[in-house]
Amino acid sequence: MQNKTLAQRVKLFIETCHRHRLKITPQRVGIYRVLIQSKRHPTADLVFRAVKKEFPNISFDTVNRTLLTFAGIGMVEVVETFGGPKRFDPDISDHHHLHCMACGRIIDFEYEGYALLEVPKAITTTFKVISRRVVLKGLCDACTAKQ
Ligand SMILES: [Zn+2]
Ligand SMILES: [Zn+2]
């Protein structure tokens, strides 16, 4: 998980936009800020609703397109969602996910052991592994308590 402050992450974001010749607009910075302050791996709709408070005239389409642009330059990741709407993860460092199948919560976790996870030889000869993410599907504590 990234330990940088909000200001540091916004600075890094602006540098990355410059590198990709992406114009820095107050809306883009606003969208990125909403994203890095959310621990929920939000959908475009959730980001849209939060950003709208600051920029009442912004459209869902703009927010959605901007998020995909951010993903394109590697500033956010699109998260595996098993058929639901796309969700976005501003934490691009190596980490793993607990995915609650009942409420959809995605909880970040780190575990060194997974960095050592053996990749079958049949895969490494034909596929270059660059990063690993383990997704554990199940029920979060709140959903378990409801059962
Ligand atoms: Zn749950
Ligand atoms: Zn995550």
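Let me start with two helices. Helix H2, residues 26-37, and helix H3, residues 44-54, have axes that come within 9 Å and cross at roughly 125 degrees. That angle makes H2 oblique to H3. The crossing of H2 past H3 is right-handed. Please keep in mind throughout that this is a predicted model.

Which residues make this contact between H2 and H3? On the H2 side they are Gly30, Ile31, Val34 and Leu35, and on the H3 side Val47, Ala50, Val51 and Glu54. Sorted by type, the residues of this contact come to six nonpolar, one polar and one charged.

Now the whole chain, briefly. There are seven helices and five strands. Going along the sequence, the pattern reads α-α-α-α-β-β-β-β-α-α-β-α. The C-alpha atoms fill a box of roughly 50 × 45 × 30 Å, taken along the principal axes. The chain has 147 residues, and buried ones make up 16% of them. As for contacts between residues at least 6 apart in sequence, 52% join residues at least 24 apart.

Back to H2 on its own. This helix has 12 residues and spans 16 Å from its first C-alpha to its last, close to the 16 Å expected at 1.5 Å a residue. Which of its residues are buried? They are Gly30, Ile31, Tyr32, Val34 and Leu35. You have already met four names from that list, since Gly30, Ile31, Val34 and Leu35 are the H2 residues that meet H3. What covers the buried residues of H2 includes helix H1 (6-19), H3, helix H4 (60-72) and strand S2 (87-89).

One of those covering elements is H1. It has 14 residues and reaches 20 Å from first C-alpha to last, close to the 20 Å expected at 1.5 Å a residue. Just after H1 comes Arg21, which lies in the loop between H1 and H2. Arg21 has a positive phi of about 50 degrees, although it is not a glycine. For background, most residues other than glycine have a negative phi. Is Arg21 buried or exposed? It is exposed, because it has 7 other C-beta atoms within 10 Å, and the cut-off for exposed is 12 or fewer.

The next loop, between H2 and H3, holds His41. This residue also is not a glycine, and has a positive phi of about 55 degrees. Its surroundings are another matter. His41 is buried, because 24 other C-beta atoms lie within 10 Å, where 20 or more are needed. So we have two loop residues with positive phi, Arg21 and His41, with Arg21 exposed and His41 buried.

Next, a residue in the middle of things to look at: Val47, which is found in helix H3. Why does Val47 count as buried? Because there are 23 other C-beta atoms within 10 Å of its own. Leaving aside neighbours within four places in sequence, what does Val47 touch? The contacts are Ile31, Val34, Leu35, Pro42, Val63 and Leu67. Of these, Ile31, Val34 and Leu35 belong to the H2 side of the contact with H3. For a distance across the model, take Val47 and Leu98, which are 51 residues apart along the chain and have C-alpha atoms separated by 21 Å.

That leads to the second helix pair. The axes of H3 and H4 come within 9 Å and cross at roughly 120 degrees. That makes H3 oblique to H4. This crossing is right-handed. The contact is made by Ala44, Val47, Phe48 and Val51 of H3, together with Phe60, Val63, Asn64 and Leu67 of H4. By type, these divide into seven nonpolar, one polar and no charged. Val47 and Val51 are named here, and both are also named on the H3 side of the contact with H2.

Last, the loop between H3 and H4, where Asn57 is found. Is Asn57 buried or exposed? Exposed, because 7 other C-beta atoms lie within 10 Å of its own. Asn57 and Lys128 are 71 residues apart along the chain, and their C-alpha atoms are separated by 44 Å.

To recap, H2 is oblique to H3, H3 is oblique to H4, and Val47 of H3 takes part in the contact with H2 as well as the contact with H4.

How values were computed
Residues numbered from 1 in each chain as written. Chains lettered and ligands numbered in written order. Predicted model: local features only at pLDDT ≥ 70, side-chain atom pairs only at ≥ 80, totals over all residues. Contact = placed C-beta atoms within 7 Å. Axes fitted to C-alpha atoms, helices over the stretch in contact; angles between N-to-C directions. Parallel < 35°, antiparallel > 145°, perpendicular 65-115°, else oblique. Left-handed = near helix turned anticlockwise from the far one by under 90°. Nonpolar A, V, L, I, M, F, W, Y, C, P; charged D, E, K, R; others polar. Expected span 1.5 Å × (residues − 1).
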